Amino acid sequence: MNVLKKFLVAALAVCMAAPAVFANGDQEGGSGGGKPLIGVVMPTRSEERWNKDGNAVKEGLEKLGYAVDLQFSDDDIPTQLNQIDNMITNGVKVLVIASIDGSSLGTQLKNARAAGIPVISYDRLLMQSPNVDYYVSFDNYKVGRQMGQILVNGLKLDNPPKKPVNLELFAGSPDDNNSVGFYQGAIDVLQPYMNSGVVHIPSGQIERTIIGTLRWDAAEAQKRMENLLSRYYSGNVILDGILSPYDPISLSCLEACKAVGYGTAGKPLPLVGGQDCIVASVKSILRGEQYATVLKDTRALGAAAVELVDKILKGQTITGLDTTSYPNGATVNGRPYVVPSLLLDSVIVTKDNVQKAVIDTGYHTRAELGL
Ligand code: BGC
């Protein structure tokens with residue numbers, strides 16, 4: 001378990017020791033005390049972003065007069081299925097779901113449709129089911145391009161050194177459709193540099209299924225990085241950069257590199273980006289270790305989901321929908337079902353724009369960043 005996960009698990013243990021606070025704070029349960037009840041399910045509490053997402057959605061809905069049953073699923077699929085079953089039984093008016101495995105909820109989604117409960121797929125696309133009404137997320141392909149662009153900028157691939165630049169690639173969880181967009185976007189940016197020989201992948205490991213990290217587990221990625229370093233990087237072969245789809249993976253990979261002498265004179269740390277703009281990564285960026293991250297403002301995503309719930313329940317027209325980008329593998333009337341989507345923008349964050357993009361916008365405070 002990496003340090004961040006340990007911290008979050010410890011924080012969770014403290015919270016669980018105070019059930020009264022949790023019961024009142026997170027689970028309104030039942031009918032919602034006369035207010036329309038909305039079910040919100042997040043994949044896990046042990047990652048910074050899903051806590052922020054969950055709370056943003058809950059607070060936003062409560063401000064509009066809704067009651068909220070917010071659940072975190074501990075990255076455990078049966079737990080998530082159970083939570084959704086209970087929400088349907090409790091008569092929620094809308095379900096907002098960030099899945100663990102996007103293809104595992106078919107029965108629950110069918111039951112929700114049968115009960116007349118609209119379903120919003122939150123951040124991660126719910127797959128293989130026509131019973132998904134909307135998708136609210138970021139433009140995940142663009143996020144992937146930004147991950148690739150971070151390496152192009154940081155390693156100056158347009159003005160390359162004489163020697164090929166050695167990269168290793170990491171991808172996200174294979175059961176999360178976002179991993180597909182992130183990978184595709186990044187590879188589309190990097191492929192020309194691989195084709196021209198500017199970039200070399202010493203391990204030869206490029207396929208998404210091979211470089212994927214189940215459940216985004218940073219400890220697993222760290223092990224893979226350790227293996228790659230011991231197997232392919234001896235003598236003069238130095239790792240120059242890492243494609244990372246997720247900040248905790250970036251930090252773990254940097255740890256693996258430090259353990260074999262990177263970050264000392266003559267052997268700089270490889271350049272690595274990331275995603276989510278977590279506090280630990282912004283601190284690392286400010287220290288000059290992680291090079292960059294992609295900020296997906298969870299407050300904006302939460303607000304978009306809240307507005308969508310409210311419009312659905314008020315029968316208002318929903319505008320700005322993308323109706324071409326996200327087929328989810330299901331078919332309706334013999335045609336691929338494309339989930340109507342609201343897609344937000346993301347921002348690359350480096351040391352140069354931390355102040356403007358992260359602190360001035362209040363995403364993280366100076367105090368959180370230890371400044
Ligand atoms: C999200 C990322 C997140 C990852 C791991 C993805 O589906 O889009 O923001 O880093 O899951 O939780």
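**Exercise 1. Find how the side chains of D310 and K314 meet, and state where each of the two residues stands in the helix and at the surface.**

Solution. Step one is the contact itself: in this predicted model, the side chains of D310 and K314 meet in a salt bridge, with 3.0 Å from N to O. Step two places the pair along the chain: because D310 and K314 are 4 residues apart in helix α12, which covers residues 298-314, about one helical turn separates them. Step three turns to the surface, where buried means under 20% relative accessible area and exposed means over 50%. D310 has 10% relative accessibility and therefore counts as buried, whereas K314, with a relative accessible area of 52%, is exposed. As a further step, salt bridges that share partners join R49, D53, D123 and K296 into one network. The structure holds 14 salt bridges.

**Exercise 2. Describe the salt bridge between E289 and R287, and decide for each residue whether it is buried, partly exposed or exposed.**

Solution. Begin with the distance: the closest N and O atoms of E289 and R287 are 3.4 Å apart, and the two residues form a salt bridge. Then take the residues one at a time. E289 has a relative accessible area of 22%, so this residue is partly exposed. R287 reaches 53% relative accessibility, so R287 counts as exposed.

**Exercise 3. Work out how the protein chain is divided into domains, and describe what lies between domain 1 and domain 2.**

Solution. The domain assignment gives domain 1 as residues 2-132 + 298-344, and domain 2 as residues 140-295. Taken over C-alpha atoms, the centres of domain 1 and domain 2 are separated by 30 Å. The next step is to look at the residues that meet, and here 16 residues of domain 1 are in contact with 17 residues of domain 2. The size of an interface is often given as the accessible area lost when the parts come together. Between domain 1 and domain 2 the buried area is about 1,300 Å², and carbon and sulfur atoms give 42% of this area.

The polar side of the picture comes next: 6 residue pairs are in polar contact between the two domains, counting pairs with both residues at pLDDT 80 or more. On the side of domain 1 that touches domain 2, the elements that give two or more residues are α1 (3-16) and α3 (48-63). Sorted by class, that side of domain 1 has 6 nonpolar, 2 polar and 8 charged residues. Finally, the count of salt bridges between domain 1 and domain 2 is 1.

**Exercise 4. Locate R124 and D176 along the chain, and say whether they are buried or exposed.**

Solution. Side chains of opposite charge can pair when their charged atoms come close. Here the side chains of D176 and R124 meet in a salt bridge, at 2.9 Å from N to O. The pair links distant parts of the chain, since D176 lies in the loop between β6 (165-169) and α7, while R124 lies in the loop between β4 (119-122) and β5, 52 residues away. As for the surface, D176 is buried, and R124 is buried as well.

**Exercise 5. Trace the surroundings of W216, and follow one of its contacts, S179, into a helix.**

Solution. W216 is found in the loop between α8 (208-211) and α9 (218-232). Its relative accessibility is 6%, and W216 therefore counts as buried. Leaving out residues up to four places away in sequence, W216 touches R124, G172, S173, D176, S179, F182, P245, Y246 and I249. A separate distance concerns P248, which is 32 residues from W216 in sequence and 8.6 Å from W216 in space, C-alpha to C-alpha.

Now follow S179, which has its place in helix α7, residues 177-195. With 1% relative accessibility, S179 counts as buried. With the same exclusion of sequence neighbours, S179 touches G172, S173, R208 and W216. Among the residues that W216 touches, G172 and S173 thus appear in the contacts of S179 as well.

**Exercise 6. Determine where D139 lies and which residues it contacts.**

Solution. D139 lies in the loop between β5 (134-138) and α6 (140-154). At 28% relative accessibility, D139 counts as partly exposed. Apart from its neighbours within four places in sequence, D139 is in contact with Y326, L343 and L344. D139 and V306 are 167 residues apart in sequence and, C-alpha to C-alpha, 18 Å apart in space.

Methods:
Residues are numbered from 1 along each chain as its sequence is written. This is a predicted model: local features need pLDDT of at least 70, side-chain atom pairs count only at pLDDT 80 or more; totals for chains, interfaces and linings use all residues. Side-chain values use heavy atoms; hydrogens and water are left out. Buried means under 20% relative accessible area, exposed over 50%, partly exposed in between (1.4 Å probe, protein chains only). Contact means heavy atoms within 4.5 Å. Domain bounds come from an automatic or database domain assignment. Buried area is the accessible area (1.4 Å probe) that two parts lose on being put together, summed over both. A salt bridge is a side-chain nitrogen of Lys or Arg within 4 Å of a carboxyl oxygen of Asp or Glu. A polar contact is a pair of N or O atoms within 3.5 Å; within protein, one must be able to donate a hydrogen and the other to accept it, and residues adjacent in sequence count only if both atoms are side-chain atoms. Ala, Val, Leu, Ile, Met, Phe, Trp, Tyr, Cys and Pro count as nonpolar, Asp, Glu, Lys and Arg as charged, and the others, Gly among them, as polar.
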